[in-house]
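User: I am new to this structure and would be grateful for a close look at one part of it. Please describe how the helices pack there, and then set that part in its wider context.

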Amino acid sequence: MRFFAPFLIALAIAAPATAETVLIRDGRVVTNGAAGIIENGDVLIVDGRISAVGANIAAPRAARVIDAQGRYVTPGAFAAMSEVGLSEISGSGAPNDASVEGQLIAAAADAGRAFDPHVSAVAVTRLEGVTRAAIAPSSTATMFGGRGALVALNGAPDSVFGERAFMVVELGETGAERTGGSRAAVWPAFEAALRDAREYPSRYRSGQGGAVLNEIDAAALQPFARGDGLFLVHVESAADIRRLIAFKRANPRLRFVIHGGAEAWRVAPELARSGIPVILDPLSNLPDRFERLSARLDNAALLHAAGVQFAIAPGPGSVDAHQARLVLQLAGNAVANGLPWDVAFAAVSRAPAEIFGVGGRVGRLERNYAADVVIWDGDPLEVQSAPTAVFIAGVEQPLVSRQTRLRDRYHPNR
Amino acid sequence: MYFRTCLAVATVLTLAACATAPNEDAEPSPQTPFASTYVPRPSSPTLIRNATILDGNGGEFAGADVLMREGRIVAVGQGLSANDAAIIDATGRFVTPGIIDAHSHLGVYPSPSIPATADGNESTQPNTAEVWAEHSVWPQDPGFGRAVAGGITALHILPGSANLFGGRGVTLRPVLGARTVQEMKFPDAPQSLKMACGENPSRVYGGRNSSPSTGMGNVAGYRQAFANAQRYARRLEAAENGDGDPPDRDLEMETLAGVLNGDIVLQWHCYRADEMAVAIDIAREFDFRIAAFHHAVEAYKIADLLAEEEICAAMWADWWGFKIEAYDGIRENIPFVHAAGGCAIVHSDSETGIQRLNQEAAKALADGRRAGLEISRADAWTWLSRNPARALGIEEETGTLQPGRRADVVIWSADPLSTYAVAERVFVDGALIYQRGQGQEHFSDFELGQAYREGGQ
């Protein structure tokens, strides 16, 4: 599904001055594309992009050749929801940019302009094969959770490649909590907020002001309210999902993706018809909240069988700034509960890119795609596996983090 | 400092009786309040054949059998036979002791999570050694059934870590369909005391402009409490010897005195290496044992000290960064503790994590090996069964597959240190309490009759 994406995308990821030409030879290449999985395949990286994928690619002059020895070679994983880069330490009173308090800024919160590529979690995450992430604030004071961003995890100054890429909106229990404590207030408030945004700036200049939103939030919401942006909606229950489907039918210009969707399996055929994708947590199987009463481990498998587009990430409430690397474990658990392997791997690599409108640039090992490539020492969805090499935009990343430094300092055999 | 005045009790209770966990008497008595009424499910002799067995003690056996009878392991080996046993062909399968989660809040922080059910922290005073987590356990928490599906055969329910002294913990069986917590209590298992170092107590009480608000305040709190408990214990002993009146019954002092005399097993939430070292010195000062540090995110920095002191460390595979005391977490924490000869435990502290502790152990195993350590998968299973049993004081009962132990056994579909492995059958005390795909997933009362279960759209 192609999304028109007017938000700023740095599509031309600048080739670094030291861009290498690299030929990865003889891997089990997971293309995430029409070529499927190529046994004994090669991947050629030139100037930060995939130049060729296939069998027996001739090595250009001056290419560094890496023998993958039959091991998995995959696109980098894409954490479809994370707070990576928004805090160094999320608690202890340390600064945490994921949590926005007060009434001044909610919808206008801009995660891309809070992202710090140098936090230790970035290196910790990328050395486990996760190369990209969608980040968003964890909480604001209103139903609008602010604008998220798409980031690369190479720690580079230009690593935000999708600014203001989506607007988080809470339309389930959390939305109700922030809107008078009741779902009965949520939809009227949401509709009024959309009107405020569509009528920005006129109703604000006239002194009338917004019914729900202040001027700053209205300005931020406007492109999304006009259909020029993606709403990332937190809903979980079957009833709330149905309400969203109905709302989309009545407002066909607006674009939505669901984050959560624990009960999506109960409305799978309708979801498939609606075209609304779901970012789901395959470990969610407890009625920890009343909106997740029927959460079950085979949610992903059931959605797949019904033809619903989905990605895999931690669910709302489980998203954090430090463990984006575990998204591969989530995908492996979806396989253990009935999802085919290739679909599960795509759910943490290609599908997030497609959902966020960058599916033509990242998430596959195909010609012209950004060269996010990982070589693994085993099945990437097995918890015992780890990368032996990680490339982001064609630059090999050091498999070093603050954690590996601590490991080395305290190693029993030091 | 935080004495509670208690109602005088007509019966003079001996110190030992106060502190002793409920024993094999099914009838509650003044000496054994809230005694376990756990009864194993009916079982018949069972012979599991031709599996790869990880025995929980570091041993691995290919093509081997396990014989269970009358709730106990009878034999583990090759070519076993038993005329009276039902035979399960486990060719291609793996068999292990059941997983024991040494740190759970199931029942006290159950699903659904709403203010009324959040009963895990009596965060009204820094010292609530008088409360018992078992009195907050809601047996209908759906999390218990999910845990069984993950191969859990015993779990330790603790109060949270808001307080210096959180209260007594309890080891439970995940009894599906239990109506009372007494029906779940692991027979003869000692109770624990939950203590907490570090940021949580000082944040909770410091935030109320109350003590403790600093690490030093925490330590003064521990030390004064144990000093008071020593005095209480001396008065009690003196009274038994006819010297003076016994002190008024004091539930808080009973718990602390139980730690001093070893009846109550100390589980201490503590992240930082330096704070663990201080805790060890407190234990020396007051002459008590610490059974395990929990979370112990920096255990790897003092792995030698922990091994020497024989203090277990119950850890996560890889949680870090959510507080500054968790900032130095590394993936090699568990294997480094193991490599130093310590008692490494994989715990969950999570209603989701408890469902797949085998995967957490697998992560730690792989990271240890990548760091150059030689660790077998059978070694890794000790982190899930024998070592937690040790920390909980039930090592003689369960945690290993050896003759005489309770038959707490799991048959796995594949190598359980794989993401793809699932528990196919779970036996507790030799009875099959769970079998995957048999349509009898247990649903607690809370889940019964919900619309989605009744074909509701």
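Analyst:
**Helix packing and the chain interface**

In this predicted model, helix 3 (residues 183-198) of chain A packs with helix 5 (residues 215-225) of chain A at an angle of about 95°, and their axes lie 7 Å apart. Since angles of 65 to 115 degrees count as roughly perpendicular, helix 3 of chain A and helix 5 of chain A are therefore roughly perpendicular to each other. On the side of helix 3 of chain A, the contact is formed by Ala193(A), Leu194(A), Asp196(A), Ala197(A) and Arg198(A). Their partners in helix 5 of chain A are Ala218(A), Leu221(A), Gln222(A) and Ala225(A). Sorted by class, the residues of this contact comprise 6 nonpolar, 1 polar and 2 charged.

Chain B offers a further example of helix packing. There, helix 4 (residues 215-240) of chain B and helix 5 (residues 251-260) of chain B meet at an angle of about 90°, with axes 9 Å apart. Helix 4 of chain B and helix 5 of chain B are therefore roughly perpendicular to each other. Helix 4 of chain B contributes Ala225(B), Phe226(B), Asn228(B), Ala229(B), Gln230(B), Tyr232(B) and Ala233(B). Helix 5 of chain B contributes Met253(B), Glu254(B), Leu256(B), Ala257(B), Val259(B) and Leu260(B). The contact of helix 4 of chain B with helix 5 of chain B has 10 nonpolar, 2 polar and 1 charged residues.

The wider context is the contact between the two chains. Chain A gives 48 residues to this contact and chain B gives 50 residues. Between them, chain A and chain B bury about 4300 Å², of which 53% is on carbon and sulfur atoms. Within chain A, the residues that lose the most area to chain B are Leu286(A), Gln384(A) and Tyr410(A), which together make up 14% of what that side buries.

Polar and charged pairs also cross this interface. There are 32 residue pairs in polar contact between chain A and chain B, both residues being at pLDDT 80 or more. The interface also has 3 salt bridges. One of the salt bridges joins Glu128(A) to Arg331(B), whose closest N and O atoms are 3.2 Å apart. On the side of chain A that touches chain B, the elements giving two or more residues are helix 1 (120-126), helix 9 (327-336) and helix 12 (402-409) of chain A. Helix 9 of chain A supplies the largest share, 5 residues. By class, the side of chain A that touches chain B holds 21 nonpolar, 16 polar and 11 charged residues.

Methods
Residues are numbered from 1 along each chain as its sequence is written. Chains are lettered from A and ligands numbered from 1 in the order in which they are written. This is a predicted model: local features need pLDDT of at least 70, side-chain atom pairs count only at pLDDT 80 or more; totals for chains, interfaces and linings use all residues. Side-chain values use heavy atoms; hydrogens and water are left out. Axes are lines fitted to C-alpha atoms, for helices over the stretch in contact, and angles run from 0 to 180 degrees between N-to-C directions. Helices (H or I, at least four residues) and strands (E, at least two) are DSSP runs, numbered from the N terminus. Angles under 35 degrees count as roughly parallel, over 145 as roughly antiparallel, 65 to 115 as roughly perpendicular and the rest as oblique. Contact means heavy atoms within 4.5 Å. Ala, Val, Leu, Ile, Met, Phe, Trp, Tyr, Cys and Pro count as nonpolar, Asp, Glu, Lys and Arg as charged, and the others, Gly among them, as polar. Buried area is the accessible area (1.4 Å probe) that two parts lose on being put together, summed over both. A salt bridge is a side-chain nitrogen of Lys or Arg within 4 Å of a carboxyl oxygen of Asp or Glu. A polar contact is a pair of N or O atoms within 3.5 Å; within protein, one must be able to donate a hydrogen and the other to accept it, and residues adjacent in sequence count only if both atoms are side-chain atoms.
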